[in-house]
Structures are given as C-alpha cells and as structure tokens.
Amino acid sequence: MEWHSLKLQEIVQQLKTDPKQGLDDAEAKRRLEKFGANLLVEEREVSFFGIAREELTEPMILLLLAVGVLYSFWGELRDALTILGIILTIVSVEVWSEFRAKRSIAALKRLASPSTVVVREGRPKEIPTSELVPGDLMLLKVGQRIPADARLVESYGLQVDESSLTGESFPIPKDANVILPKETEIADRKNMIFAGTVVIKGRGKAIVVTTGSKTELGRVGKLAQEIKEPKTPLQVAMKQLSGSLVWIALFFSGLVLVLGIIRGLPWKQMVLIGLSLAFATIPEEMPIIITMVLGLGAYALSKKHALVKRLRAAETLGSVTVIATDKTGTITQNRLIMVSFYFDDKISQIGSSREVPRKLLETALLAGGILTEVEDEKTSLGNPLETAILEVAQNTGINVQEIQSGYTLRNEFSFDNTRKIASYIYEHDKNLYVFSSGAPEAVLERSIKIWKSHGELDLSAEDREKLGEIISEMASRGWRLLGLGYRKIPEKERLSAGDVERNMVFVGIVGFVDPPRSEVREAIRSCHEAGIRVVMITGDHPDTAKAIAAEVGINTTRVLSGVNISKMSDEELKEALKTTFVFARTTPEHKLRIVRLLRELGEIVAVTGDGINDAPALKEAEIGIAMGIRGTDIAKETADMILTDDNFATVATAVREGRKMYDNLRKGVRYYLACKVALVSSFLLPLLLGVPPPFAPIQIIVLELFMDLAASATFVAEPEESDVMVRPPHNPKEKFMTRAMQNSIFISALGLFIAVSVSYLFHWYKSYSLVQAQTAAFAAWMLGHIFLAFNLRSEKEPLYQIGFLSNKPMLVWTTTVVLALLLSTNVTPLQESLKTTSLPEESWALVLGIAIATTFWMEAKKAVQSAITKKRKNREFKTSFKPNSPHFP
C-alpha cells in the first residue's frame, strides 16, 4: 500500500480508525491477535527444559554418567542406580539455579521494554510498543524512537532523524498536509514516519499503517533472533579462571589415581575414585554462581525502582567513584509550584496583595504551548511546569478556552540546549505572532523591547543590566525561572527559528519552586561516606543550582557555568573537576566533556540523563542511568540502567546493592574453591601414608551435591555487611582473585582438611574399619563445610553481629545437610547405598568437636578484632569530644 500517496480520509477508511478518537481497546486487542506483536526481533524464551537439555550435555555431567556406567559393570546395580538418582538431583539443582537467574534477567528486559503513547477511545494511553497495531493513533514527542511505520495526521515543527533507515545524516522536516506521488522514494516521503527513526524536534500525531517485520525497517533487514548480551568482564574472567583450574583439578585427580595404584589399591576402585574426584573438584559451577549473583541481584534492584538493562552495569555498581546527576526531577521532586513573578519592574510572590498580571499569564500560556494541549478544564498535562502555569491561570479566573479560540497554532520550535528557548507561532486576527519561553537570559538576549504597564518600551542598556541583577536575585532564592517574550511577525518573513526568535518584547519572568526530595540529603551523605563524589550537572541558573545543592549537602564552594567550561582547556577543566561539584547552565556537550575527563582522571562514573542529547554522556559513562518517567526513548535505549522513580536516592540504593552483590560473589567463590582445595587435600595425605582413600566414590558425589547447593544458592541471599557504604569503592582493575583472597581460600581449606583427616585417620588406626573411618570422614566433612559456610559469611563481622538467622536459605541448606547426614548414617538402605555405618557417641563427639575447632577459630579471631576496633573508636571519640564545638549537636 502506497500510504504516502493517499489522502488522510482514504487511510482512515482503509484502516477503519478515527483520526481523533483512535481505536477502542477491544478492537486493538483483535488486531493484535490478527497482526501479531510489533517486534522485529524473535525473543528467546527462557525454558526450564531447554536449560536442562543443555545441562545434560555438559562435560561434567557426561563424566558423572560415565562413573555410573562403570559402577554398573564393576560394582552393584544398586550403586549405579544411586548415582543416577544423585545425577538427577545435581542436574535439577543446577538447572533450577540457572533457570531462576536467567528468568530474572528476562523479566528485567520485559520491564525495561519501551512504551508508546497512543490515543485509545479519545484518551492518551501508554502501552508497550509490542502491543501497537495498525490503525493506532500515536502521539509523537522529542526523543521518541518511532516504533512503527505511520502516516502523519498533525505535525508542528516535526523533524526526524532517518539515518538508521536511509543513511541521511541531517534531520528531515515532516509535513502532515502534503500528498505525494506513488513513486516518491522513502527518503522523500515527508508525510510518513518510519520504525527505528527518531523524533529530533517538534511534535505531532500519526496513524500506524504497518508494524513488526512488515515495516520498512523490517523489510530492509529482518532479524531472526535476539542479539545475545555479551558476557561481563567478571564472567569472562571467571570462565578463564575455571578453565585454568580444570587442569589443576584433573592433575590432582590423576595423581590420586596413580598414587592409589602404586600403593597397591584395587585399580578399578581407584579409577572410580579418580573420575568422581575430577567431577567434584572441577569448578564448573563458578560461571553459574556469577550469573546467579548478578541476575538475581539485578532483579532485586528492580523491586527498588532500578531496572538493570545490562549485567555489566550490575557488576560495575560497586566500583562507582563519581555520580554525575541532574537536578530537576532527580534531586528535586519535579513537582513545580509557581511562587513568584517579575513584571513591570517589580518582583512579587504569589499569594501577596499583588495579583499575577493577566498579560504575563496569557503570554506564559501561549509561550509554553499549553493551549495546544488543553481540551477541557480537567485536562492533565504531562509537563509539571505547564501544569503549574495552568493552575495559576485558572485560579486567577482566566478563561483558557476563550484565549484558545483566538489563537491557531501554525508551527513550533521545541526547546533545545543551544537556543535554550521554545517558541510557538500562532495566527491571531489574521496576523502571525511568535511566543517564546526559556532561560530568562536567553529571552532577554533576543529582545529589543520590554513590556511595562503602559505598553512596549525600548530596552536600554540600563534595563538590561537591571534585569540581569533581577535574574540573579530570583535565582539565588532557589527559584527555577522562566523568561517570557513575544513578537509580531512581519509578512513574508521566513518562519525559521533563527528568523522569528529575535527583536522580541520581553514580558517578564515567572519563578517556580521544585523542592528537593526529602530522602536525597541522606542518600548524598551516604555516598560521601562511601567515598563517592556526587556532582550536579544542570542547565539551570548558577544561583538556583547552588541553592539546591547546598540544601541537599553537595559542596558549593565553587560553581562552574557552561560559559566558563567552554573557555577552559581540557587540562584546566581536569584540575577544576577535582574541586568543583556544581556545574550550571551546561549543555549536553559540556556534560559529555565532563564525564569524559572524569574518566581520564581514573574515576568510575555513573551519570544520569533524560534527554535525547544526553545519550552521548550516558554512553560515555561506565554506567548510564536514564530516567524512567521523563526520559526519552533514546536515553533509555542508551542507558545501562533505568530509574523507574527518577529519584537520586535510588542511585545510592543501586550502588549499595552493587557492593553487596560483589561481596556475595566473593564469599560464594571463596567458599566454593576452599571446599575444592580441601577435598583434593583430604585424598593426598592418606595415600602418601599408605592408607585407603577417606571417601568412597559415591560419597564424593554426595559431597559435591551439597557443596554446589551452598555456593550457588545460599551466599546469593547473604544480607549486606554493616560497612558496605562506609568503605571506599573497590578498584575494578584489581584482580578478582587477590593475594588476600587466595590466602583466605587456602586457610579455610586447611581447617576443613584437618577436620576430615584427623577424624578419618583416628578411626582408621583405632579400628582399621574402612567403613567406620570413611563414615567419620564423611560426617566431619558434612558438619565442617556447614560451619565453614557460616564462618565465611563475613570477612570482618562476627556471626553474632550479622545474625545467625539472617540468611534463611543457608538455614534451610543446613537443616537439609544435617538430616541427610543423620539418615545416611542410621537408615540401613542408605548405609548400604552410601557405604556408611552408624557411629558411637564418642565418635560423634570427636567429629563435632574437631569440625567446630578447625572452623570456628575464624569467628573467635573476628570477635577479638571487632572488640579491638570498637575500643579504638571509643578512644578516638573521647579524644576528639569537645562540648563547645559547633559541630556537636
């Protein structure tokens, strides 16, 4: 269908839609079933059975199956069936862990998917882009990525970037009123908009004509599958580390096999032990642990209003050293109240004896484009600034509909950070007028006259100087300012922004209060304690920015304006960045430059943004954070994370969660590798002493099952440590496996190794009963690796401080392990299957005592260190205590 060559009425008839009311919900639902979801990409579905199929073909599982097959030939059928049952349990545990993590990541993608505003049954309604159908009436705004091919119904100053489709680098002006020949090329179809392109300026309405793979973009290049997200640096590092450890595990497993045969032990039994030991010691679980920690951590963040789009961001959160934040709506509430105005040489506050002049309010209504959006008295406007103006106008008794009927919108020029104003051209009494609003100094710069009570007067140099002082005075009170002006456009003048936005009449200024969010001051204080600098980058007046920054606790010793930044060399700006925390009247180019130079200084930067021009800075930062409420589609697409509440405090919460995730990842990996080292070591000593191995092959497999459960499921749920936000960020360049972590792994493994070896050798030399000795070793391991898990929950804090019951999954795992141990040593069928026997009370006492002694010494050490630290802090407080100090409350 050549939609660009049809009249609007023909399109309406073809698509059975209404250019004002849009579709109704029932019809839209029928069309969604008929045409399918508006997707170019076939999304991969996360399937439990799909992951299970992959897991069953993993080399480690195949290795374990080989052990089961050999058991069926060399041992008893019962042993083979037992191993098969354990294989199914291990596979189920690993599949469930991976499924849970991947399902969480998939859920995040759905939450972060784009949405579109359409008109349904005459009312604007936000729907997921995937639910858009032919015939839907779309509302277009700046920064929106167009989700489908559509024919324009209305356009006001609309310009679209079509470079993704046509390669044209300049924005294309659009016109809803033209009808084009059928043979018109895509690049010249000015009455059409296409999927994948971006609204750069203006606004409009359009009827969707095609969706999904039937769009021009879909025909140019169909995508069969979703692009898979690349692995994070930590996932890659862990995979490489696992690859290296595989060879170490295989070496020691082979060494155990060779030593056993040399010592004269049955070779068939040693082959089974060697294969089982290889299965248990090869660290195949490490990549799953990382995916679980990052995936489930990111999902937990989504419950706290932070949607992580890329796992790389979740990984980097704990390393952030600088947060570069916007002011409006992020630090402040974005709930504007009009509180003051300047008109006719006077600053007045609303609520005083002086009424807001009708001339000022009419100009504000027209200059803000508010009249183009008001349909009735109950109309709700999306822009809080427009809402505040409309509320005051209605309270003053101005009949908005009356003004609306006298002015017909002909064109508009959207606000941008270069001009710093927005303008609307209206036809009134057969003449054209432009009404402009924006930064007061930008409107003043374009004005040659000023409105006073007795009419328009020439704007003198003295007037300009005085107005500059008034702007500074109003801004210093923390008011957000909007300058207003207008001009009658002469006949035959070109209607471009550069031509009409000049020689204006300066009418006045209105001031708004956007109060800071109550929780932001505490969030910023928390960031400072955590060694994170918070800098504010805003387009507002320097005095307004300074007032708000001081109110929330950001250092205001120095404020740099965009003009000053432009004059600085990179080296000068780098030096200034070390001591400056507030940047005002900045453009997106300034923001990008600040972020780039901060990174060159070695900082790990998280930056917030909401506009189409913020995309470069969001992409430049280690973590780009887009606003979910007021952010443009481009900002959201570029960002690594989206704040669903546009709140700075959520950024601080995300950093806190990021640090917790990194801590828990270290704890899980440390425990996992300590168990692997202890298991290998437990085999080497007996064989060197000429003693049979401490575990039967089937026992090794059982140990692996519970070890994996602890590492992959319990440490993920560990609560944050008390110092998580009072210590410096971790250095992302530092190796994950630091020397301190390696030492901790070997020391932890040593305790478990001693518990198993002492229990085993004592019972071997006492009774020379292999079954009893192996049962004692089995019990020592099961109890010892429980105690080790609890000891490794924190590197510094004693267990009594973090709470023995604070990690519920670990308690469930502990209960399961203890029950399994008791049943396997007391129930006859399980004894026969697992090669165990019952132990006398003195043996249990010995095993329990050794397991506690070789692991809980860590808790004693942490308790002593904690007491020393507490005593030192008390001494420092007493030394620094000064009752007359102004800082003392």
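**Helix H18 and its surroundings**

In this predicted model, the buried residues of helix H18 are Val520, Ala523, Ile524, Ser526 and Cys527. Around the helix axis they span an arc of only 155 degrees, and therefore they sit on the same side of H18. This pattern can be read against a simple rule: an α-helix has 3.6 residues a turn, so residues three or four places apart point the same way. The cover over the buried residues of H18 includes strand E9 (322-325), strand E19 (533-537), helix H19 and helix H25 (648-688).

The pairing of H18 with H19 deserves a closer look. Two packed helices are described by the angle between their axes and the distance between the axes. Here H18 (residues 520-529) and H19 (residues 542-552) pack at about 75 degrees, with their axes 8 Å apart. H18 is therefore roughly perpendicular to H19, as the range for that label runs from 65 to 115 degrees. On the H18 side the contact involves Val520, Arg521 and Ile524, which meet Ala550, Glu551 and Val552 of H19. By class, the residues of this contact comprise four nonpolar, no polar and two charged. Val520 and Ile524 thus appear both among the buried residues of H18 and in its contact with H19. After H18 comes Gly531, with a positive phi near 80 degrees.

Positive phi values also occur at residues other than glycine. Lys16, which is not a glycine, has a positive phi of about 50 degrees. Lys16 belongs to the loop between helix H1 (8-15) and helix H2 (25-35), and it is exposed, with a relative accessible area of 65%. Asp345, likewise not a glycine, has a positive phi of about 70 degrees. Asp345 is located in the loop between strand E10 (337-343) and strand E11 (346-349); with a relative accessible area of 33%, Asp345 is partly exposed.

Elsewhere, Ser437 offers a view of a buried position in a strand. Ser437 is part of strand E14 (residues 431-438), and its relative accessible area of 8% makes it buried, since the cut-off for that label is under 20%. The side chain of Ser437 reaches the backbone oxygen of Ala367 at 3.2 Å. Apart from neighbours within four places in sequence, the contacts of Ser437 are Ala367, Gly368, Ile421, Ala422, Val443, Leu482, Gly483 and Leu484.

For the chain overall, there are 33 helices and 24 strands, and 55% of the 889 residues count as buried. Among contacts with a separation of 6 or more, 72% join residues 24 or more positions apart.

Definitions and conventions:
Residues are numbered from 1 along each chain as its sequence is written. Side-chain values use heavy atoms; hydrogens and water are left out. Axes are lines fitted to C-alpha atoms, for helices over the stretch in contact, and angles run from 0 to 180 degrees between N-to-C directions. Helices (H or I, at least four residues) and strands (E, at least two) are DSSP runs, numbered from the N terminus. Angles under 35 degrees count as roughly parallel, over 145 as roughly antiparallel, 65 to 115 as roughly perpendicular and the rest as oblique. Contact means heavy atoms within 4.5 Å. Ala, Val, Leu, Ile, Met, Phe, Trp, Tyr, Cys and Pro count as nonpolar, Asp, Glu, Lys and Arg as charged, and the others, Gly among them, as polar. Buried means under 20% relative accessible area, exposed over 50%, partly exposed in between (1.4 Å probe, protein chains only). The arc is that of the directions from the helix axis to the C-beta atoms. A polar contact is a pair of N or O atoms within 3.5 Å; within protein, one must be able to donate a hydrogen and the other to accept it, and residues adjacent in sequence count only if both atoms are side-chain atoms.
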